[in-house]
Number of protein chains: 4
Amino acid sequence: MRTVEEKVMFIDEEKSADDRVMYYGKGDVFVFRTYATPLTNITNVPESDFTGRENVIFGMNIQVSFRGEKFLPSFTEGDNSMIIATDSMKNFILAHAAKYEGATMEGFLQFVAERFLDKYDHIEAVELSSDEIPYDTVKIHDGSSIVESDLVYNCSRNEYSTASVEVTRTNEGYKLTKQTGGISDLHLIKVSGSSFYGYIQDEYTQLPETNDRPLFIFLDLSWIYQDMRDGTGDNPERYVAAEQVRDIAVTVFHELYNNSIQHLINEIGLRVLQRFPQLDQIRFKTNNRTWEPVIQDIEGSKGQVHTEPRPPYGFQGFTVTRKDLENKGNK
Amino acid sequence: MRTVEEKVMFIDEEKSADDRVMYYGKGDVFVFRTYATPLTNITNVPESDFTGRENVIFGMNIQVSFRGEKFLPSFTEGDNSMIIATDSMKNFILAHAAKYEGATMEGFLQFVAERFLDKYDHIEAVELSSDEIPYDTVKIHDGSSIVESDLVYNCSRNEYSTASVEVTRTNEGYKLTKQTGGISDLHLIKVSGSSFYGYIQDEYTQLPETNDRPLFIFLDLSWIYQDMRDGTGDNPERYVAAEQVRDIAVTVFHELYNNSIQHLINEIGLRVLQRFPQLDQIRFKTNNRTWEPVIQDIEGSKGQVHTEPRPPYGFQGFTVTRKDLENKGNK
Amino acid sequence: MRTVEEKVMFIDEEKSADDRVMYYGKGDVFVFRTYATPLTNITNVPESDFTGRENVIFGMNIQVSFRGEKFLPSFTEGDNSMIIATDSMKNFILAHAAKYEGATMEGFLQFVAERFLDKYDHIEAVELSSDEIPYDTVKIHDGSSIVESDLVYNCSRNEYSTASVEVTRTNEGYKLTKQTGGISDLHLIKVSGSSFYGYIQDEYTQLPETNDRPLFIFLDLSWIYQDMRDGTGDNPERYVAAEQVRDIAVTVFHELYNNSIQHLINEIGLRVLQRFPQLDQIRFKTNNRTWEPVIQDIEGSKGQVHTEPRPPYGFQGFTVTRKDLENKGNK
Amino acid sequence: MRTVEEKVMFIDEEKSADDRVMYYGKGDVFVFRTYATPLTNITNVPESDFTGRENVIFGMNIQVSFRGEKFLPSFTEGDNSMIIATDSMKNFILAHAAKYEGATMEGFLQFVAERFLDKYDHIEAVELSSDEIPYDTVKIHDGSSIVESDLVYNCSRNEYSTASVEVTRTNEGYKLTKQTGGISDLHLIKVSGSSFYGYIQDEYTQLPETNDRPLFIFLDLSWIYQDMRDGTGDNPERYVAAEQVRDIAVTVFHELYNNSIQHLINEIGLRVLQRFPQLDQIRFKTNNRTWEPVIQDIEGSKGQVHTEPRPPYGFQGFTVTRKDLENKGNK
């Protein structure tokens with residue numbers, strides 16, 4: 001889970017009129033709405049059997065921030081007359097969790113952003129981002145057979161979906177100036193079928209080349225729609241579920257004899273864009289957490305022994321665009 | 001995941017001959033053994049469809065410590081001649097991960113403990129404990145249908161099994177003086193069907209009574225066999241898998257209209273002991289992480305809005321014994 | 001900072017009458033009392049210039065737990081009539097933070113434990129433990145010179161003092177059955193003057209011997225008084241301040257050309273017992289976090305380059321007793 | 001300490017020629033250089049008695065990333081021929097820690113960035129950022145009096161200095177395209193002399209107004225020089241030490257009866273820019289962690305009782321510029 005400090009960085013580069021960073025807001029607003037509207041009628045993709053979300057527990061860790069020149073005197077004069085207390089922001093978000101009738105985190109964020117602009121007309125822009133707090137279903141014996149419980153859930157600390165929106169007040173009304181969906185903290189290992197060789201060899205090179213390593217990666221993915229309005233899920237056929245993207249990523253990892261993480265993520269990105277024509281681009285932030293080999297050959301077994309790697313960790317950042325997919329298709 | 005510091009506490013109370021705490025060892029020994037022997041042929045229980053572990057990735061975070069009077073001069077004289085470097089302990093464990101032919105963490109710990117006593121005859125007792133590093137299977141599309149991958153796994157940060165052993169050198173040979181299995185960091189919520197009322201009301205009471213709260217608990221469970229040798233899994237019909245205990249706990253939580261965490265865990269303990277006659281007792285360490293209610297009634301919905309509780313957190317410690325089960329049966 | 005889970009382990013081994021673990025309580029009770037009574041008139045030791053604590057901010061993270069057979073029906077019958085809600089325990093502790101007139105964490109814990117036994121006569125024993133939340137003084141310019149601020153403080157995440165008490169109801173009144181002071185999470189490095197050689201060499205040995213390594217250790221120390229009542233600080237001349245023990249530990253580390261952590265902590269323990277005749281024993285839990293060497297010789301410099309070690313980490317547990325000091329003196 | 005993931009976000013928005021994010025690198029490169037050149041001859045400011053750094057331990061957690069179009073085939077073709085392994089990046093940085101003759105983290109980062117561009121001519125830009133790993137001096141008794149040890153240090157988990165540089169290859173040679181110094185994770189409380197009132201009151205307002213609250217803030221500050229070359233410390237009279245900025249921040253916090261965090265940080269920023277004419281701007285990221293009041297009045301004492309706040313947390317982002325200082329002066 002990203003901390004407040006991490007998420008603040010997203011907005012760090014936003015500048016107000018005279019090129020000054022100025023925002024304030026609330027982080028770690030935990031919202032647990034029960035029995036929200038289920039997500040149904042999404043479009044299937046071959047790599048995934050995911051068909052929707054029950055939303056019995058709709059759990060989110062939300063961050064909100066406001067921007068606007070009217071907030072400047074709170075800094076320069078200590079004048080709080082234009083300040084909405086961040087405690088009130090939290091109360092506003094929680095109150096609107098009861099009012100939201102949609103089925104997605106992206107939709108909820110946009111709903112709240114617009115209501116903030118309705119309520120406080122001196123705000124110029126509202127940014128909201130959120131990490132899902134996932135609650136997995138569990139299997140129980142109901143007296144006759146083993147079924148999914150509709151009462152007990154397991155709060156998961158594994159991968160979770162993410163969302164962000166920025167809504168800006170303009171002369172033509174509210175404008176959706178930013179909208180992303182995503183999935184973070186996927187920790188995947190492929191035990192065989194990954195290589196890393198052919199890189200530059202010089203006096204700083206100590207890493208041995210390998211044709212077959214167990215590749216362990218941390219993945220964060222996020223995506224931008226061609227038409228941002230598709231991201232809300234109001235039209236579920238046009239919505240991309242994080243679970244579907246995860247299943248595509250896992251399938252491509254399974255299929256591809258990869259030469260590096262760079263190689264792998266480009267192929268995942270192309271496949272996601274192929275499956276979802278409504279997306280414009282997909283962005284990756286990845287980490288290499290490959291185990292350290294200890295014993296490579298065990299007599300009578302195809303097993304090996306590895307241990308935890310030391311820091312530091314390699315990382316990658318990359319965007320795959322629709323143009324990349326078209327170029328690939330033309331080859 | 002418990003840290004080294006936490007796990008050290010288990011051995012803290014152990015005393016050497018003249019009533020002195022004295023031990024040393026290695027913590028955070030991460031072992032990833034691939035293609036270990038699968039666990040099969042366990043005995044089924046009604047609450048669980050768990051049938052075994054593939055052990056394609058057998059991941060453990062191990063702690064080892066040694067005790068013995070021969071180590072005293074390393075403290076009092078700075079004389080290292082009887083010291084096995086803790087780096088060597090790590091190498092020993094990793095080397096034996098290639099040699100272990102069994103299918104359980106409990107079995108591996110006992111195997112290593114005995115090999116340490118074989119190798120270094122001045123050690124009086126070896127204690128090993130371990131947390132599983134679980135790697136979940138993932139579903140992929142294999143070209144024709146959706147199946148479990150045999151190459152790609154998802155490293156889980158959710159609940160994990162635990163094990164500990166202590167093997168002591170005696171005049172009659174090695175003695176298994178401690179042996180536990182367990183499961184830790186289960187984070188379960190029941191959205192409806194839990195109450196808490198009837199407790200003492202006085203000037204320090206602020207908590208309102210409730211007949212129906214969403215109860216969120218953190219559970220750690222561990223168990224002791226009547227015959228400790230059953231814990232290794234060498235005879236899998238007598239082995240208790242953490243996944244089975246988890247499924248029983250979840251089913252009892254689903255079934256029971258509970259009056260408190262205390263009430264719940266007693267019922268879980270009785271059910272586990274009923275299903276597994278080979279167990280002597282089960283111990284609970286639990287935490288209450290119940291959400292804070294914000295909006296209890298939403299028009300036209302059975303949903304509610306809650307938020308994260310503040311610290312502090314209530315906790316419980318309790319042991320359910322076979323005698324408790326017998327007493328219950330006699331009522 | 002230890003988590004609730006860690007601290008619960010201290011009480012894990014406590015058994016009720018029929019050999020069952022049974023307790024419940026509250027962890028992470030954060031108490032910030034401002035302008036508590038200052039600690040003054042402690043007895044000086046040569047290694048330390050510490051003379052007392054202002055206690056402008058008296059910050060504590062407290063854990064409390066209750067034991068008693070009267071709590072059994074809450075487990076076995078779901079009967080809460082003897083239950084003090086853990087929320088009420090928190091309120092009780094906070095209320096008593098306003099009433100405490102002493103100057104130490106040890107004293108506060110004992111005060112609260114006794115008040116709990118006064119208030120609820122079905123409790124058999126109360127255990128409280130606490131970690132200090134230290135707020136360091138900071139230097140400011142007051143218009144004429146640089147002085148310590150009496151308004152602004154820096155919340156420290158470095159070493160902190162610890163305390164625990166157990167008070168038991170007996171036929172002769174309340175009995176102090178456990179009492180410790182301590183200091184935890186000291187992270188000390190000595191850049192030169194530590195060795196590690198002469199240990200067992202065999203096929204598992206990879207660690208090279210060294211006559212001069214930069215030794216980096218994590219230390220937790222705790223102590224027990226000969227007369228436990230000296231631990232409250234009510235008679236400050238008999239009180240041992242964690243800051244004094246820290247200064248002794250640092251001085252001994254500086255002075256001693258040590259052969260190992262084992263060697264070092266024995267010498268620290270002896271010195272502490274020599275300076276404080278009111279102590280009965282001192283217990284160590286230590287960790288080795290020594291850097292990994294990269295470049296040992298830099299032309300024209302006595303400097304070196306090191307990097308972070310990988311896990312695993314070596315650890316030690318050891319008690320030094322007053323008898324050890326006497327034996328040493330007789331040599 | 002920021003994680004790799006957090007720090008990666010800094011570079012997230014950087015785009016390559018065709019508007020694609022593309023970078024790769026290494027995070028958590030821990031460098032401990034002993035006996036580096038001391039920092040001396042800095043310019044004093046009234047608020048601080050800081051005069052320099054011994055640099056006996058020069059500890060850093062570094063992140064490096066490379067950008068350049070030549071890396072594109074590693075993604076699109078799985079062609080590693082232009083790849084410098086991230087393990088080699090780490091080795092390069094460690095090797096250059098032995099060669100650096102300056103006294104600051106900012107200077108070291110720039111030195112390494114330029115050496116990377118020297119060595120690998122297909123890199124277009126190198127970005128390096130670093131968090132200091134601070135090792136505080138400790139006091140010991142040297143046989144005659146209490147002095148600072150020159151052998152033993154205390155690894156601090158409190159505030160630490162930060163630095164970042166980006167060096168870009170251009171037709172006119174290497175260009176310093178980014179350069180910051182900073183200090184992070186200052187956790188300061190002012191026990192009296194802070195207010196918060198006069199903000200918007202509506203149906204979402206629950207927070208009571210206050211004329212005197214204990215204000216607890218987390219602060220991260222960073223600064224940009226008017227001439228970026230002043231940031232290296234090669235000309236120490238022009239260098240701004242994080243410790244000096246900390247002391248100014250603390251003094252302003254002490255002096256100012258503040259109306260909000262916004263109000264406070266604007267005043268800190270103005271004072272820092274006044275003291276250091278070589279700075280162009282100072283940026284703040286702050287968090288409100290103010291305690292929750294429990295007991296406001298204690299008879300016979302000016303003390304109070306507070307407890308830990310729940311999440312969520314308010315935050316602020318703000319830049320104070322030299323123009324702000326000039327405007328202030330003209331009023």
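This passage describes a strand shared between chains, a symmetry relation, a set of annotated positions and several salt bridges in a predicted model.

A good place to begin is strand β1 of chain A, which spans residues 22-34. With 13 of its 13 residues buried, β1(A) is largely enclosed by the rest of the structure. Its pairing involves chain A itself as well as two other chains. Within chain A, β1 runs antiparallel to strand β2 (residues 57-67), and nine bridges connect the two. Toward chain D, six bridges link β1(A) in the antiparallel sense to strand β12 (residues 313-321). Toward chain B, the partner is strand β11 (residues 305-307), again antiparallel, with two bridges. Individual residues help to place these pairings. A:Tyr23 has D:Gly317 of β12(D) as its bridge partner. A:Arg33 takes part in two of the pairings: A:Phe58 stands opposite it in β2(A), and B:Val305 is its bridge partner in β11(B).

The relation between chains A and B can be described next. In general, two copies of a chain are related by a rotation about an axis and a shift along it. Here, chain B is superposed on chain A by a rotation of 180° with 0.0 Å of shift along the axis, at an RMSD of 0.0 Å. This is the relation of a two-fold axis. Of the C-alpha atoms in chain B, that of B:Arg157 is nearest the axis, at 2.8 Å from it. Both copies use the same surface, since 98% of the contact residues of chain B recur in chain A.

Turning to annotation, an unreviewed UniProt entry lists A:Thr86, A:Asp87, A:Phe196, A:Arg213, A:Gln262 and A:Asn288 under "binding site". These positions extend over 203 residues of sequence and are spread in space too, with up to 50.6 Å between C-alpha atoms. Two of the listed residues, A:Phe196 and A:Asn288, are worth following in the model. A:Phe196 sits in the loop that connects β7 (173-190) and β8 (215-225) of chain A. The residue is buried, at a relative accessible area of 11%, which is under the 20% cut-off. Beyond its neighbours within four places in sequence, A:Phe196 contacts residues of chain A including A:Leu207, A:Glu209, A:Thr210 and A:Arg213. The contacts of A:Phe196 also reach chain D, at D:Asn80, D:Ile83 and D:Ala85. A:Asn288, for its part, belongs to strand β9 (residues 279-288) of chain A. Not counting residues up to four places away in sequence, A:Asn288 touches A:Arg213, A:Leu215, A:Phe216, A:Ile261, A:Tyr313 and A:Gly314. A:Arg213, itself on the UniProt list, is thus among the contacts of A:Phe196 and among those of A:Asn288. The side chain of A:Asn288 also makes a polar contact of 2.7 Å with that of A:Thr290.

Salt bridges complete the picture. Side chains of opposite charge can pair when their charged atoms come close. Over all chains, the count of salt bridges comes to 68. One of them joins the side chains of A:Glu47 and A:Arg275, with an N to O distance of 2.8 Å. A:Glu47 lies in the loop between β1 and β2 of chain A, whereas A:Arg275 is in helix α6 (residues 261-275), so this pair ties together parts that are 228 residues apart in sequence. The two ends differ in accessibility: A:Glu47 is buried at 3%, while A:Arg275 is partly exposed at 27%.

The loop between β1 and β2 of chain A also takes part in a contact between chains. A:Asp49 in this loop and B:Lys139 in strand β4 (residues 135-141) of chain B form the pair, and their side chains meet in a salt bridge of 2.8 Å, N to O. Both ends are partly exposed, with relative accessibilities of 41% for A:Asp49 and 42% for B:Lys139.

A further salt bridge links A:Glu255 and A:Arg271, whose closest N and O atoms are 2.7 Å apart. This pair connects helix α5 (residues 242-255), where A:Glu255 is found, with helix α6, where A:Arg271 is found, 16 residues apart. A:Glu255 is partly exposed at 42%, and A:Arg271 is buried at 18%. A:Glu47, A:Glu255, A:Arg271 and A:Arg275 are linked in a network of salt bridges.

Notes
Residues are numbered from 1 along each chain as its sequence is written. Chains are lettered from A and ligands numbered from 1 in the order in which they are written. This is a predicted model: local features need pLDDT of at least 70, side-chain atom pairs count only at pLDDT 80 or more; totals for chains, interfaces and linings use all residues. Side-chain values use heavy atoms; hydrogens and water are left out. Buried means under 20% relative accessible area, exposed over 50%, partly exposed in between (1.4 Å probe, protein chains only). Helices (H or I, at least four residues) and strands (E, at least two) are DSSP runs, numbered from the N terminus. Two strands pair if DSSP finds at least two bridges between them. Copies are superposed by least squares on the C-alpha atoms of residues with pLDDT of at least 70 in both. Contact means heavy atoms within 4.5 Å. UniProt positions are given in the numbering used here, feature names are shortened, and annotations may be inferred rather than shown by experiment. A polar contact is a pair of N or O atoms within 3.5 Å; within protein, one must be able to donate a hydrogen and the other to accept it, and residues adjacent in sequence count only if both atoms are side-chain atoms. A salt bridge is a side-chain nitrogen of Lys or Arg within 4 Å of a carboxyl oxygen of Asp or Glu.
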